[in-house]
Amino acid sequence: MIRLLLAEDQGMMRGALALLLGMEHDMEVVAQVGRGDEIVDAALLARPDVALLDIELPSRSGLDAAADLRTEAPDCRVLILTTFGRPGYLRRAMEAGAAGFLVKDGPVEELAESIRQVLRGETVIDPALAAAALGAGPNPLTGRERDALAAAVDGATIADIAAALHLSESTVRNYLSSAIGKTGTRNRMEAVRAARRQGWL
């Protein structure tokens, strides 16, 4: 049996996925979580073969958790299953060690077959998204520029961002200014929106 972990914050979606995948003759859902910070502990406890991770989860993104799993549970293959088919997300997922990246609007039969494929060591990527990612190019933002933009998401002040990142206010201004330039926007909130659209944040 293929042992599965599901990480999805919408309870109804998580339950439906567990039910549908549990009907496959060779699959068993051994763990379900609704938060990103629960993924690694659940994986260490349940020892799944494949973890299906949403990206936008409370407390920790599925992309960050995928990178953690590569270190903490290297035998567990990761398949990102998301509503948000953004080229930047795909690139970050691959960098984090994910074996697959699918958008949620496909049939469950395709998902089940994709799970079998990643378990065989294959990489599975939504074809339309793969084409878009090739055309989009790499993420131009540095790690610190991403951190500064992420901290600015809720309209935080420069002082708030500086305190959160343990940086000087002038350094934060420099990172934000650089991020605004790279995203071709006029201010930090536009830069946040542009970076999110691309999946860079």
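The side chain of Glu145 makes a polar contact with the side chain of Lys182, at 2.9 Å. The model is predicted. Glu145 sits in helix α7, residues 143-151. Lys182 falls within the span of helix α9, residues 169-183. Glu145 is buried, because its relative accessible area of 5% is under the 20% cut-off.

**Around Glu145**

- Leaving aside neighbours within four places in sequence, Glu145 is in contact with Pro140, Tyr175, Ser178, Ala179 and Lys182.
- Ala179 also belongs to the α9 side of the contact between α9 and α10.
- Lys182 thus appears in the contact list of Glu145 and as its side-chain polar partner.

**Helix pair α9 and α10**

- Two packed helices are described by the angle between their axes and the distance between the axes.
- Helix α9 (residues 169-183) packs on helix α10 (residues 188-198) at an angle of about 55°.
- The axes of α9 and α10 are 9 Å apart.
- The angle makes α9 oblique to α10.
- The crossing of α9 past α10 is left-handed.
- From α9, the contact uses Leu176, Ala179, Ile180 and Thr183.
- From α10, the contact uses Arg188, Ala191 and Ala194.
- By class, the contact of α9 with α10 holds five nonpolar residues, one polar and one charged.
- Thr183 is the polar residue and Arg188 the charged one.

**Helix pair α2 and α3**

- Helix α2 (residues 39-46) and helix α3 (residues 62-72) pack at about 35°.
- Their axes lie 9 Å apart.
- The crossing of α2 and α3 is right-handed.
- Ile39, Val40, Ala43 and Leu44 make the contact on the α2 side.
- Ala65, Asp68, Leu69 and Glu72 make the contact on the α3 side.
- The contact of α2 with α3 divides into six nonpolar, no polar and two charged residues.
- The charged residues are Asp68 and Glu72, both from α3.

**Asp64 in α3**

- Asp64 lies in helix α3.
- Asp64 is partly exposed, with a relative accessible area of 35%.
- Asp64 and Ala96 are 32 residues apart in sequence.
- In space, their C-alpha atoms are 7.3 Å apart.

**Gly36 in the loop before α2**

- Gly36 lies in the loop between β2 (27-33) and α2.
- Gly36 counts as buried, at 3% relative accessibility.
- Not counting residues up to four places away in sequence, Gly36 touches Leu57, Pro58, Ser59, Arg60 and Ala65.
- Ala65 is also one of the α3 residues in the contact with α2.
- Gly36 and Asn139 are 103 residues apart along the chain, and their C-alpha atoms are separated by 23 Å.

**Positive phi outside glycine**

- Most residues other than glycine have a negative phi.
- Arg47 has a positive phi of about 55° although it is not a glycine.
- Arg47 is placed in the loop between α2 and β3 (50-53).
- Arg47 counts as exposed, at 51% relative accessibility.
- His166, another residue other than glycine, has a positive phi near 60°.
- His166 is placed in the loop between α8 (158-165) and α9.
- His166 is exposed, with a relative accessible area of 72%.

Technical notes. Residues are numbered from 1 along each chain as its sequence is written. This is a predicted model: local features need pLDDT of at least 70, side-chain atom pairs count only at pLDDT 80 or more; totals for chains, interfaces and linings use all residues. Side-chain values use heavy atoms; hydrogens and water are left out. Axes are lines fitted to C-alpha atoms, for helices over the stretch in contact, and angles run from 0 to 180 degrees between N-to-C directions. Helices (H or I, at least four residues) and strands (E, at least two) are DSSP runs, numbered from the N terminus. Angles under 35 degrees count as roughly parallel, over 145 as roughly antiparallel, 65 to 115 as roughly perpendicular and the rest as oblique. A crossing is left-handed if the near helix is turned anticlockwise from the far one by less than a right angle, and right-handed if clockwise. Contact means heavy atoms within 4.5 Å. Buried means under 20% relative accessible area, exposed over 50%, partly exposed in between (1.4 Å probe, protein chains only). A polar contact is a pair of N or O atoms within 3.5 Å; within protein, one must be able to donate a hydrogen and the other to accept it, and residues adjacent in sequence count only if both atoms are side-chain atoms.
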